[in-house]
Amino acid sequence: MDFNPSSSSTSDPSSLKLAIAIALLRSKNLNFSSSHSDAQRWRQKAKERKREIQRLREEFKQLEDGIRAEVVPQIAACRCHFFDDCGKLSPRSGQIGREGLWIDEVLRRRFLRLMRWKERRRKLDDSVRKRHFIELNSEDEIGKLNTSIDFLVELSNGKFVENDFSFRALSHQAVDFILASLRNLLSLEKESEVIEEMITGLILNMTQRMCTATNEESLASATDADFCVQHLIRKLGDEPFIGQRVVLAVSQKICIQVDSLLLTDPFDDAYLGANDSMFLMIQLIEFLISDYLSIWTANEDFDWRLLEEWTRSVLQARNALVLLESRNGLYVLFIERVIREIGKQLGPLQQQGKLNLDILSNLHF
């Protein structure tokens, strides 16, 4: 039998269709396999790149944490009792504050390093003298005192966070550092005008912060912040050079605030804030007198003329508060309790002839 290929292919079109279908299927499978392998390969590369980026981020974070740890040491929770008697009369009157006389040299260096780091982060201002102290003469005792004061003021003006152990530890170190630097400078008997200017600025800033709540803070947190700043001033008062000037400045501020309250509507919101500030100021004077007056007067270098000045100022504050007795009689009751405490502690000094008799005659003891 003769075989004709052309006639066979044309006579069986189904075979041709089947061959074409098989060829297309094989081509499709080949292309799918190739594209699938390419997709898997790129997916694998993307995963590897993602893992590489994650690893680099972790390494960068570790390096960043290491640098920060070198520049800014981690601040642990302050384990002392620095804030334990905040807002309360101390049961150990006359025995507070002396535990901070000795400061470990390592803590001093870490604290200075932290302050210099914060100073570099701070934007430039018009205070050329402060920058000169920090950058050009950081080891000078006046520079240390100035830097410590700036640090504490900035720390107190920040937003207060309840149970912020970092704030508590740093503020404790700042207070101790200020007291230590100030005592070193007073022992040298140099730059007295510069020192007094620094301390006066510190007192004004801290008392202003104590009496002023920021708008961002809630009423509860603002009250906590006020008491916290009051406590810092109280601790600074361990040094009579600061403590006596605090009593003088606060008693003068009471007289000024009395004049302001006399012109303020009692139903105004501002009156409520001023009312709280008045109690804070009277309470601060009571804390300082109760805690430190007996220690101050036992100091050989005690400034008796300054004592007479702030005693007269406290008596003037009492007379001014009488004008507000119709609005709030507690003012007079509290300030008279303070005056009785002053008279009680200064009474024995009358026989020594160290005080003006006219002042003692106005004190109730």
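## A tour from the pocket outwards

Start by selecting Leu186, Glu239, Phe241, Asp301 and Phe302: of the 20 residues that line the largest pocket, these lie nearest its centre. A pocket here is an open set of points on a 1 Å grid over the protein atoms alone, where a 1.4 Å probe fits and protein lies on both sides within 12 Å along at least five of seven lines; lining residues have an atom within 4 Å of a point.

Before going on, note that this is a predicted model, in which local features need pLDDT of at least 70 and side-chain atom pairs count only at pLDDT 80 or more, while totals for chains, interfaces and linings use all residues. Residues are numbered from 1 along each chain as its sequence is written, and side-chain values use heavy atoms, with hydrogens and water left out.

Now show the whole lining. The volume of this pocket is about 550 Å³, taken as the space filled by probe spheres set on the grid points, which are joined across faces, edges and corners. Colour the lining by class and you get 9 charged, 7 nonpolar and 4 polar residues. (Nonpolar is Ala, Val, Leu, Ile, Met, Phe, Trp, Tyr, Cys and Pro; charged is Asp, Glu, Lys and Arg; the others, Gly among them, are polar.) Next, pick helix 6 (165–188), helix 7 (192–210) and helix 9 (240–262), each of which supplies at least two lining residues. Helices are DSSP runs of H or I with at least four residues, strands are E runs of at least two, and both are numbered from the N terminus.

Zoom in on Glu239, in the loop between helix 8 (219–236) and helix 9. Is Glu239 buried or exposed? Its relative accessibility is 9%, so Glu239 counts as buried (under 20% relative accessible area, with exposed over 50% and partly exposed in between, using a 1.4 Å probe and protein chains only). Leaving aside residues up to four places away in sequence, Glu239 touches Leu179, Leu182, Arg183, Leu186 and Trp296; a contact means heavy atoms within 4.5 Å.

Move on to helix 5 (residues 141–157), where 15 of 17 residues are buried. Then try helix 12 (residues 330–346), whose buried residues include Tyr331, Glu336, Gly343 and Leu346.

Finally, zoom out. The protein has 13 helices and 0 strands, and 41% of its 365 residues are buried. Among contacts between residues at least 6 apart in sequence, 79% join residues at least 24 apart.
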